[in-house]
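Subject: Structure handover, with notes on what was found

Dear colleague,

Here is the structure I promised to pass on to you. Please open it beside this message, so that you can find each residue as you read.

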Amino acid sequence: MPTVPAVPRRSYLKDLDYSVVQQCMHCGLCLPVCPTYEATKVERHSPRGRIALMRSIADDRLQATRTFADEMYFCLGCLACMTACPAGVNYAELFEHARAEVEASGVLKSPRRSLIRALTLRWLFMDLTRLQLLGCALRLYQRLGLQRLLRASGVLWLFPKRLRELEAITPEVQPSFSAELISPLTPAVGPKKHRVAMLTGCAQDLIFSDVNRDTVEVLARNGCEVVTPPEQSCCGSLHAHNGEWELAQELARRQLDQFPPEQFDAIITNSGGCGSHLKHFTHLLKDDPRYRERAKIWDEKVRDIHEWLAQIGIQPAPSCGPHHLVTYHESCLLAHGQKITLQPRQLLRSMPNLKLVELPESSWCCGSAGIYNLIQPEMAEELLERKLKHIRSTAANTVATANPGCLLQLINGAKKHGLNLRVVHPITLLAEAYRIG
């Protein structure tokens, strides 16, 4: 009986347009802005070093190895290198393809890792209902005082150190999910000027549904009719950044089906990390004849909330209310991925009761970086300490940031160090100012 030839494994880096792989000029201007290189001074921990490894695989001079895989997952994916690069290297595309290469190669595969990825990326985050069921269970655990009791009992000291650390950063689930706070159709306050769609996210829906509510309120106050379907999907950012390219494509198609882009003036996101991914569906679905044209329209319509308000003009906030000293931490993917840096500051400065003081190294990563603080806790903690030091130097009692991962990272950091610091989304500050007026 003839042997059936094995199907060759797909190489994401070899399949990538080679012009993307060879863009790097090796100038080194990315080195000073790369947090992992700055901390270690090891060349392979820099964008230049990582790109050299990627190119070696694309050139068939190197196979994906455990060392290569570890290096790709040591990278934060903060994209600060893209802001610094004079050659316009598309590191975001390289980064995602490199992680997909790692997963396709199987060099990191183990029963434990495969189980975790199957339960999270391939099951939990593919269905909002499952995620909300987990959220309900976690909310019950917290509301009944079981979490507090467990922490006070000392039982946690019987668990491994890493499990104790993970339990300590368990997020607090909101009392209500977004669909319980936001009507499917929110009319504009005053004359309707725009019709927009609101993306409520996945983890955002559990942990920061109040930010979604605030975003819709602000949009309505600025003349927008807001469509917010109650049953939404993960945008796929988590999957694309962790090597699950096909799942990211599936989730992108779901977005296009649920939010036909031609029906809206804008599609609004309030998450810096998700927004960076959401604006690149054209690339993600370029080989899909059914969706690629709609993906182009989608990319043209997606707007970060700060970007959109700056575009249409922010309704001034009243001058009443307590005065606050605020500093602003930039979400990496909002600043470097979406190139949105001025608009959040304009929003904060538009509120008479706020004084904005600039944060040193405001665009330096806080260590959250998606799930980086879960898989690389030591480096994440080092970056968090650096960020908190700079926040202390401003003497601000409030720090604003526009990404759920950053919010959670800074909230946990402030709690751990006993800082009297409010960590909040800029849009929440604006919503509060409108309510006072």
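The notes below go through the cores, the empty spaces, the cysteines and two single residues. Please keep in mind throughout that this is a predicted model.

**The nonpolar cores**

It is a general tendency in soluble globular proteins that nonpolar side chains are buried together. In this structure the largest nonpolar core has 60 residues, and within that core Leu 348 and Met 351 are the ones that touch the most other members. Helix α26, which covers residues 426–436, provides the largest share of this core, with 6 residues. If you select Met 351 and leave aside the residues up to four places away in sequence, you will find that Met 351 touches Ala 317, Pro 426, Leu 429, Leu 430 and Ala 433. Another core, of 29 residues, lies apart from the largest one, and its members include Val 21, Cys 30, Ala 58 and Cys 75.

Leu 348 also appears in helix α22 (residues 342–349), whose buried residues are Gln 343, Pro 344, Arg 345, Leu 347 and Leu 348. What lies over these buried residues of α22? The cover includes the helices α20 (305–312), α21 (332–337) and α26, together with the strands β6 (324–328), β7 (354–356) and β8 (398–400).

**The cavities**

Rolling a probe the size of a water molecule over the atoms shows where empty space is left. The structure holds 4 cavities of 30 Å³ or more, and the largest cavity has a volume of about 140 Å³. This largest cavity is lined by 16 residues, of which Cys 24, Cys 30, Ile 51, Cys 85 and Val 89 are the closest to its centre. Helices α4 (47–58) and α6 (80–84) each supply at least two residues of the lining of the largest cavity, and α4 gives the most, with 3 residues. Sorted by class, the lining of the largest cavity consists of 13 nonpolar, 2 polar and 1 charged residues.

The second largest cavity has a volume of about 100 Å³. Of the 13 residues that line the second largest cavity, Cys 34, Arg 50, Cys 75, Gly 77 and Cys 78 are the closest to its centre. Two or more residues of this lining come from each of α3 (35–40), α4 and α6. The lining of the second largest cavity has 10 nonpolar, 2 polar and 1 charged residues.

**The second largest pocket**

Turning from cavities to pockets, about 580 Å³ of space lies in the second largest pocket. Among the 19 residues that line the second largest pocket, Glu 165, Ala 168, Ile 169, Glu 381 and Lys 416 lie nearest its centre. At least two lining residues come from each of α11 (161–168), α24 (377–394) and α25 (404–416), with the largest share, 6 residues, coming from α25. By class, this lining is made up of 6 nonpolar, 4 polar and 9 charged residues.

**The cysteines**

How many disulfides does a search of the whole structure find? The search finds 0 disulfides. Cys 202 is a useful case to look at, because its sulfur is 3.7 Å from the closest cysteine sulfur, in Cys 234, and that is too far for a bond. Cys 202 counts as buried, at 14% relative accessibility. Cys 366 is likewise in no disulfide, and the nearest cysteine sulfur, that of Cys 406, is 4.0 Å away. Cys 366 is buried, with a relative accessible area of 1%.

**Two single residues**

Is Leu 419 buried or partly exposed? At 24% relative accessibility, Leu 419 counts as partly exposed, and you will find it in the loop between α25 and β9 (422–424). Not counting residues up to four places away in sequence, Leu 419 touches Leu 388, Arg 392 and Ala 414. Leu 419 and Ala 266 are 153 residues apart in sequence, and from C-alpha to C-alpha they are 38 Å apart in space.

Ser 11 lies in the segment before α1 (12–15) and counts as buried, at 8% relative accessibility. With residues up to four places away in sequence again left out, Ser 11 touches Ile 57 and Glu 101.

With best wishes

Note on methods. Residues numbered from 1 in each chain as written. Predicted model: local features only at pLDDT ≥ 70, side-chain atom pairs only at ≥ 80, totals over all residues. Heavy atoms only, no water. Core = buried A, V, L, I, M, F, W, Y, C linked by side-chain atoms within 4.5 Å. Buried < 20%, exposed > 50% of the residue type's maximum accessible area, 1.4 Å probe, protein only. Helix = DSSP H or I, 4+ residues; strand = E, 2+ residues; numbered from the N terminus. Contact = heavy atoms within 4.5 Å. 1 Å grid on protein atoms, 1.4 Å probe; cavity = no way out; pocket = protein on both sides within 12 Å on 5 of 7 lines; lining within 4 Å. Points joined across faces, edges and corners; volume = space filled by probe spheres on them. Nonpolar A, V, L, I, M, F, W, Y, C, P; charged D, E, K, R; others polar. Disulfide = S-S within 2.5 Å.
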